[in-house]
Amino acid sequence: MNIQTLTQYFLQYGCFFIYLIVLLEYMNLPGFPAGIIMPLAGIWAANGKISFPLVMLLSVLAGLTGSWILYFLGRMGGPKAMGFYFKKFPKHQAVIEEKMEMLREKGSVGVFVSKLLPMVRTIISIPAGMVRMNFVKYTVSSVLGIFLWNLIFIGAGYYFGDEAIKILG
């Protein structure tokens, strides 16, 4: 799918399209990588098709919703969910086990830092749920990390336009 097609979807579905794509990305599901959709949303904001604060709000809410879903998957399903997940994504097992240990040591700081790292930022929520991290601390650290990550990508699109997609994508 190219940028013109994405723009058509945005024009057709509006804000819901941004929310849905970012939600899917934060749930680590197939979709469009942040390096494309978020700078594109920034470009749309720069062109006046949507406000920059609204794009940020939608992207943070979508990221938080996706993170909460994975957190509760880890918290409620624990080992069963991980068994299924590891069958689908066997390469993630070592990373998740490593992150669980890091969360036990670092807590909410570990979540914040993880939300700023590619790939890890989407899967950190499952181990956070599995180690039963305090939900309020998890949410605050997630919001801060999600906001900063999204601000970088959406801001790049807003300020650098199409060049941001070439650099980040």
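Hi everyone, here is a short tour of the helices in this predicted model and of how some of them meet.

Some housekeeping: residues are numbered from 1 along each chain as its sequence is written, and side-chain values use heavy atoms, with hydrogens and water left out. As this is a prediction, local features need pLDDT of at least 70 and side-chain atom pairs count only at pLDDT 80 or more, while totals for chains, interfaces and linings use all residues.

Let's start with the UniProt record. This unreviewed entry lists residues 6-24, 52-73 and 140-160 under "transmembrane region"; the positions follow the numbering used here, feature names are shortened, and annotations may be inferred rather than shown by experiment. In the model, residues 140-160 are 100% helix, with end C-alpha atoms 29 Å apart. Residues 6-24 are 95% helix, and there the end C-alpha atoms are 15 Å apart. Helices here are DSSP runs (H or I, at least four residues), numbered from the N terminus, and strands are E runs of at least two.

Now look at α2 and helix α4, residues 52-88. They pack at an angle of about 35°, with axes 8 Å apart; axes are lines fitted to C-alpha atoms over the stretch in contact, and angles run from 0 to 180 degrees between N-to-C directions. Which residues of α2 meet α4? Among them are Ile18, Val22 and Tyr26, and the α4 side includes Leu58, Gly63 and Leu70. Contact means heavy atoms within 4.5 Å. The residues of this contact divide into 12 nonpolar, five polar and no charged. In that scheme Ala, Val, Leu, Ile, Met, Phe, Trp, Tyr, Cys and Pro are nonpolar, Asp, Glu, Lys and Arg are charged, and the others, Gly among them, are polar.

Helix α4 also packs with helix α5, residues 92-106, at about 140°, the axes being 9 Å apart. Here Met82, Tyr85 and Phe86 of α4 meet His92, Gln93 and Ile96 of α5.

Finally, how many salt bridges are there? The count is one, where a salt bridge is a side-chain nitrogen of Lys or Arg within 4 Å of a carboxyl oxygen of Asp or Glu. Glutamate 25 pairs with arginine 121, their closest N and O atoms 2.4 Å apart. Glutamate 25 lies in α2 and arginine 121 in helix α7, so the pair ties together parts 96 residues apart in sequence. Glutamate 25 is buried at 14% relative accessibility, and arginine 121 is buried at 3%. Buried means under 20% relative accessible area, exposed over 50%, and partly exposed in between (1.4 Å probe, protein chains only).
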